[in-house]
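Colleague: I have a few questions about this one. Can you put it on the screen?

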Amino acid sequence: MILTLVPVALFVACSSSSSSSSSGGSSYATCTSEDLEQRVDELVSQMTLEEKLAQMSGDTALLGEYGRELWYVPGVERLAVPPFKMSDGPRGVGVHDGATIFPVAMARGASWNPELERSVGEAMGRELRAIGGNVLLAPAINNLRHPSWGRSQETYGEDVHHLSQMGVAAVQGIQTYVLANPKHYAANSIEDTRIQVDVTIDERALREIYLAQFRAAVHEGGAASIMSAYNSVNGQFCGENVTLLRRILKEEWGFDGFVLSDFVLGTHTDSARNGLDLEMPSANVFRALPSLIESGDLPEEVIDDAVRRMVRKKLQHKLDQPSPVDESVVASPEHLAIAQAASTEGTVLLKNESGALPLDMATLDRIAVVGLLADTANTGDTGSSNVRPAFVVTPLQGIQEAVGEQVAVDHIDKDVLDAGDLATIEAADAVIVVTGLTAEDEGEGIIGAGDRVDLGLSEERVKLIQDAAAANDRAIVLLEGGGAVTMGDWLPDIEALLMIWYPGQMGGHAAADLVFGNANPSGKLPLTFPIDLGQLPAFDNESLSVTYDYFHGYRFLDRMGTTPQFPFGFGLSYTTFSIDNLRASQTQGAPGEVLRFTVDVTNTGTRPGAEVIQLYVSYPSSAVERSERDLKAFAKVTIEPGATQSVELSLPVNSLAYYDVADATWVLEALNYEVHLGTSSRDLPLAASFSVSATGPVSLY
Ligand code: BGC
């Protein structure tokens, strides 16, 4: 008999209650905090300095193809402290061949359905845990300050409240199985100069617009870790930014998890001292830590604190325990169904003249499906968020499968049409043009295309749409891409437009369901689609220094009084809704209270459908400069034709506070606040008001 010495599993003793997900997720956060802290102390006190330092840097060489093995960070084997094993990223488990590829985050943001996003996060976490990983480098929750940002597709949109809701849901879903890693903290929204650019932001804009979603991820989501950004903020790189990392995140917010660097170039001389706990993907700057400790330049407590944070999260989330799921969950039917639902719910119907959509198969003989992207697996950029699924259902395949033998499909696999193609299109009952952007147009810098300087489609693709539309009255465009597209030159020519984004591996089925009316579009834009670049704040992809003020996206357009092509929150349906009878739980609010606003939503059309009720607040006579309107609550509701449903939206009074820079406090103003409800940022037919008389500092957490 062979006796093997196994490390004592110190973690297993730390359990009391357990919270498990319906789908068998591991339990976590089951130690009382005293037990937990005691165990963390016990473990860290038994570690040598060398063992501690080893845990502060990744140990993965950047060799071979990027992101093809789990990024490894040592634990301490003799103490049964497990290593971290990390994978990107926001649209699936990038490291694993055959993982489910979900629609990009922007598409999921367009679902305005945090519950669905929780399922997506849970599915990603489950797949990562099944293949032996324990940290998912997601979600990306940077504000989309400008749609030219090459990584638009990785985040959920332009609004801080919407981003918070989606980000919290993703974190909670992911952390059913593994640790989440909200990124990139903070103000990371230019790609081409991301390594050098310094972002100047006044403290109020920083707190209210750029950091609030990270605070939500920490406080509401319980995020175990945070990734710092490459760029600098107010003159100090985020990876060594003492204000962001120590003062705000760790001290003020009380974050008890750990911060890891963005990869390779995200760590700097003062990183460890200023609150960065882990250099990724391998030791570079942190190779200097032993000599800094030895010389007394860096107190060993800094090291202890960093290691304690990582060990704490390993214990709390039971990373030492075997995976509760095996590899059969990877791309399981359940996960593929979630990917398809995310694409269906995230697709936004932007135009539908004369009821061009949905197509009724019974009335069609033949349709033309046109464009190089029709049968292309166009799943997003090829940077760190890339995922390699076993298969991708393209729009063409989805359409062909949906129509079967019933309708003939003429596939024209070109972007430049000749006379024969035009004759084919003319002979069809409808033409579906699949076009848009690809990884060659936008993506992560260095390994991808970077920022977009122009928001339009290429001339060739514009002409493709125009030519197809000239040949057939029923021209429908399925548009792919990760952000806003300007379309004034071709939009008037077409009958219907579905924004399908980069829709993931099941996107072809989702698109076909929507085109033929087996599903009803319910997505809403999570960002403004401008008429042209001139409607937006300036964006310079070469700038090394930029100032971010309070206003971008719909807040900027509202302030300027400009009308975009399609506003934030906009999206059509095949049915119609009426919204009536706004009731407020109270007409006066006090600090700490939650006001409730209820409306009756009726499906006045003939198909089941879902509507997103959006609540915006304005602040007449505020003492400080405010947005015309801020999104503060939303709810998605599915209603049968003819039925009416009451929808209640909650508004915490403290969420109306602004950040007072001079006093470094959140201040609730005594005001008559106005509430506007409707179905987009520019369609808000219902209004109410309430007053807050007590004024003064409030706590947001
Ligand atoms: C990206 C991160 C990513 C990391 C690891 C960096 O370049 O900015 O988003 O998680 O690489 O791939």
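Colleague: Which residue does Lys 524 form a salt bridge with?

Modeller: Lys 524 pairs with Glu 611, and their closest N and O atoms are 2.8 Å apart. A salt bridge here is a side-chain nitrogen of Lys or Arg within 4 Å of a carboxyl oxygen of Asp or Glu. This is a predicted model, so local features need pLDDT of at least 70 and side-chain atom pairs count only at pLDDT 80 or more, while totals for chains, interfaces and linings use all residues. Residues are numbered from 1 along each chain as its sequence is written, and side-chain values use heavy atoms, with hydrogens and water left out.

Colleague: Where do Lys 524 and Glu 611 lie?

Modeller: Lys 524 is in the loop between α15 (507–515) and β16 (545–548), and Glu 611 is in strand β20 (residues 609–618), so the pair ties together parts that are 87 residues apart in sequence. Helices (H or I, at least four residues) and strands (E, at least two) are DSSP runs, numbered from the N terminus.

Colleague: Are Lys 524 and Glu 611 buried or exposed?

Modeller: Both Lys 524 and Glu 611 are buried. Buried means under 20% relative accessible area, exposed means over 50%, and partly exposed is in between, with a 1.4 Å probe and protein chains only.

Colleague: How many salt bridges does the count come to?

Modeller: The count comes to 41 salt bridges. One of them joins Lys 52 and Asp 304, with the closest N and O atoms 2.6 Å apart. Lys 52 is in helix α2 (residues 49–54) and Asp 304 in helix α10, 252 residues apart. Both Lys 52 and Asp 304 are buried.

Colleague: And Glu 203, which residue does that one form a salt bridge with?

Modeller: Arg 247, with the closest N and O atoms 3.8 Å apart. Glu 203 belongs to helix α6 (residues 203–219) and Arg 247 to helix α7 (residues 242–252), so this pair ties together parts 44 residues apart in sequence. Glu 203 is partly exposed at 22% relative accessibility, and Arg 247 is partly exposed too, at 37%.

Colleague: Back to α10. At what angle do α1 and α10 pack?

Modeller: Helix α1 (residues 33–45) and helix α10 (residues 300–316) pack at about 125°, with their axes 9 Å apart. The axes are lines fitted to C-alpha atoms, for helices over the stretch in contact, and angles run from 0 to 180 degrees between N-to-C directions. The two helices, α1 and α10, are therefore oblique to each other. For the class limits, under 35 degrees is roughly parallel, over 145 roughly antiparallel, 65 to 115 roughly perpendicular, and the rest oblique.

Colleague: Which residues of α1 and α10 make the contact?

Modeller: From α1, Leu 36, Glu 37, Arg 39, Val 40, Asp 41, Leu 43 and Val 44; from α10, Asp 304, Val 307, Arg 308, Val 311, Arg 312, Leu 315 and Gln 316. Contact means heavy atoms within 4.5 Å.

Colleague: New topic. How many residues of α15 are buried?

Modeller: Eight of its nine residues are buried, so α15 is largely enclosed by the rest of the structure. The buried residues are Gly 507, Gly 508, His 509, Ala 510, Ala 511, Ala 512, Leu 514 and Val 515. Their cover includes α11 (333–346), α12, β13 (430–436), β14 (475–480) and β15 (496–499). Gly 517 follows α15 and has a positive phi, near 80°.

Colleague: What is phi of Trp 112?

Modeller: Phi of Trp 112 is near 50°, a positive value in a residue other than glycine. Trp 112 sits in the loop between α3 and α4 (114–130) and is buried, with a relative accessible area of 1%. Ser 354 also has a positive phi, of about 50°, but at 69% relative accessibility Ser 354 counts as exposed. Most residues other than glycine have a negative phi, and most peptide bonds are trans.

Colleague: Which residues does a cis peptide bond join?

Modeller: One cis bond joins Asp 88 and Gly 89, with omega about 5°. Another joins Ala 138 and Pro 139, again with omega about 5°. Gly 89 is in the loop between β2 (84–88) and α3 (105–109), and Pro 139 in the loop between β3 (135–137) and α5 (160–174).
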